[in-house]
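Grab your viewer and work through these exercises with the coordinates open. Each task is followed by a solution, one step at a time.

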Amino acid sequence: MMDESEPLLASRSEERRLNGLCSSAPPRTLQSKVVEDFRRRLKYFFMNPCEKYTARGRKPWKLMLQVFKIAIITAQLVSFGLSNEMMVTFKDENLMTFKHLFLKGYKDQRLGSYALYTKEDVYDHIYYVINGYINLQNLTVGNLAYESVDGQYTPLSVCQEFYRHSSIDPETETFDIDPHIDKDCISIYPVQAFDGSGLGAHLNFSIDFKRLLSVNIYLTLKTINLQTVRHHELPDCYDFNIIIKFDNRAHSGKIKVDVENDVRIYECRDWNVEGTSGKNDYLLLSFDSVVILACFLSLTLCTRSVINGLQLQFEFNTFFQAYYNKSVSWSDRMEFVNGWYILIIVSDILTIAGSGLKIGIQTKYLTNYDVCSILLGTATLLVWVGVIRYLGFFKKYNVLILTLRGAFPNVIRFCCCAAMIYLGYCFCGWIVLGPYHEKFRTLTKVTECLFSLINGDDMYATFLHLRNEAGYMVWLFSRIYLYSFISLFVYMVLSLFIALITDTYETIKHTQQEKVPVSQLQVFIAECRDQPDSGRYQTEEESAACCLSPCYCFG
């Protein structure tokens, strides 16, 4: 590696050695001209679009294309976001409707607290679900209908899961159990009519609560989302596959009730909207096609720039080994790989994939709203982050980029060390406080709770919400645990984390003020004093194979 203070021009002894490698030694003036031309070529490569325009009149097509992409991709995301929001709202509101239709006495409380404690309540609630399904058309205010297959309505199914054999006597402290699980189902069609009081006798439906694990009720309903008509979109048809679960796996005397909803979205068979036709969404499809075309063009230009950078990196490495007999560090080599172009390439790929899915959703061939949202959302995020590259052309705005890049390796190493302590606290809190504290009930909740504590959120509530059932030992442990975690991470780890970034910022700021080259590549380029408007950059670029051979390059 070459020291920063070491001169870059070859010494006479090096020149004699290089001359000995070739059959004919080139004049020193020719060598100097080759070095100057190559140095100028490198300086031009690292210029920003405005400087390149001044140097060679090269129009910043990639810059203009990126600005255009930001506008159209953001507009596309807003359009899809409104449609996705309507779809999610429709699903959530229908789920709330099903809870009110099929759960007796439901009052918009958290479903986790909805539970039954007596046998009579269990039977009563199961009958209530069945009667609600049978009398659906007389109850609902929505456009709900039964599913039909081959002209016959799909039945509601009531399925019990229970141990094959179970004999339990807590009084004598004995039990005999076969842990194999059996399942028994009955089907009820919407055309059947009977009251709740005679339902059990009519269906021969009974429950052995000592063996019971769960009662699951399955039903399917259909509806149409009409609110999209107001936004000039064709309505979708929905199939709601509903599961109402009565969970008795704990055998604690509390049967928890839960409602799950699986949705299938598809194109309606026959539709007619007055004043519209099947071509009303062609404008949106054309707009998405423009987005795909712009991203494909951006992908091509950025990929070409990355390839050119890699080729120039290879030439620079060969040039240095041939002329100075020195190897180029990996950090200098990575200067030729423009990370912003990689970011734009990833963004373009995600946008093209997301736009393709969006076209499929609009034409009703696909219904992957969530996947499309992730692709388009991530792509838009990367596009807007890429704007920082152009702000970085101004030194006052470039500090953020340089600080992030300089601090990143140290921050990663620091976080890896801190993560070991953090995971230790997570596992400890989960196993000790989990049974007594809601925020430590699962490992996921523990990580979220501790991360919130690092940021100073909800500290007092975390101390306060320890259950009264916890003994004095657990209570004392929780105080030691929380105080030590907050003291360690808030006052020490977080402070050191900030200090790392602050130290990097001060170093970058000092380097910018002193204008000292910090790498071998920058030292080499800094010797080129030609300004962009000097006219020295108007010459054609050197051949890519110029410096592949020292004899060819200097002979």
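Two residues are in contact here when they have heavy atoms within 4.5 Å of each other. Keep in mind that this is a predicted model.

**Exercise 1. Place Phe68 and list its contacts beyond its neighbours in sequence.**

Step 1: find the element. Phe68 sits in helix H4, which covers residues 61-102.

Step 2: check the accessibility. Phe68 has 41% relative accessibility, so it goes down as partly exposed.

Step 3: skip the neighbours within four places in sequence; Phe68 is then in contact with Val290 and Ala294.

Step 4: look at the backbone too. Val291 is 223 residues away from Phe68 along the chain, and their C-alpha atoms are 9.7 Å apart.

**Exercise 2. Put that into the setting of the whole chain.**

Step 1: count the elements. The protein chain has 17 helices and 9 strands.

Step 2: get the buried share. Of the 555 residues, 40% are buried.

Step 3: sort the contacts by separation. Taking those with a separation of 6 or more, 71% are between residues 24 or more positions apart.

**Exercise 3. Compare the span of helix H11 with the expected one, then list its buried residues.**

Step 1: H11 runs over residues 369-391, which is 23 residues.

Step 2: from first C-alpha to last, H11 reaches 34 Å, close to the 33 Å expected at 1.5 Å a residue.

Step 3: pick out the residues of H11 under 20% relative accessible area. The buried ones are Tyr369, Cys372, Leu375, Leu376, Ala379, Thr380, Leu382, Val383, Gly386, Arg389 and Tyr390.

Step 4: have a look at the spacing in that list. An α-helix has 3.6 residues a turn, so residues three or four places apart point the same way.

**Exercise 4. Sort out the cysteines: which pair forms a disulfide, and what is the situation of Cys416 and Cys449?**

Step 1: apply a cut-off of 2.5 Å between sulfur atoms. That gives 1 disulfide.

Step 2: name the pair. Cys159 is joined to Cys185, with 2.0 Å from S to S. The two are 26 residues apart and link distant parts of the chain, with Cys159 in strand E5 (residues 156-169) and Cys185 in strand E6 (residues 174-188).

Step 3: get the handedness. The torsion about the S-S bond of Cys159 and Cys185 is about 115°, so this disulfide is right-handed.

Step 4: compare the accessibility of the two partners. Cys159 is buried at 4% relative accessibility, whereas Cys185 is partly exposed at 40%.

Step 5: turn to Cys416, which is in no disulfide; its nearest cysteine sulfur belongs to Cys417, 6.9 Å away. Cys416 is partly exposed, as its relative accessible area is 45%.

Step 6: finish with Cys449. The closest cysteine sulfur, in Cys426, is 9.4 Å from that of Cys449, so a bond is ruled out by distance. With a relative accessible area of 8%, Cys449 is buried.

**Exercise 5. Describe the second largest pocket: what is its volume, and which residues line it?**

Step 1: the volume of the second largest pocket is about 320 Å³.

Step 2: its lining has 14 residues, and Lys222, Cys237, Asp239, Tyr266 and Arg269 lie nearest the centre.

Step 3: assign the lining to elements. Strands E2 (145-146), E7 (212-225), E8 (236-247) and E9 (255-267) give two or more residues each. E7 makes the largest share, with 3 residues.

Step 4: split the lining by character: 6 nonpolar, 2 polar and 6 charged residues.

Notes:
Residues numbered from 1 in each chain as written. Predicted model: local features only at pLDDT ≥ 70, side-chain atom pairs only at ≥ 80, totals over all residues. Heavy atoms only, no water. Helix = DSSP H or I, 4+ residues; strand = E, 2+ residues; numbered from the N terminus. Expected span 1.5 Å × (residues − 1). Buried < 20%, exposed > 50% of the residue type's maximum accessible area, 1.4 Å probe, protein only. 1 Å grid on protein atoms, 1.4 Å probe; cavity = no way out; pocket = protein on both sides within 12 Å on 5 of 7 lines; lining within 4 Å. Points joined across faces, edges and corners; volume = space filled by probe spheres on them. Nonpolar A, V, L, I, M, F, W, Y, C, P; charged D, E, K, R; others polar.
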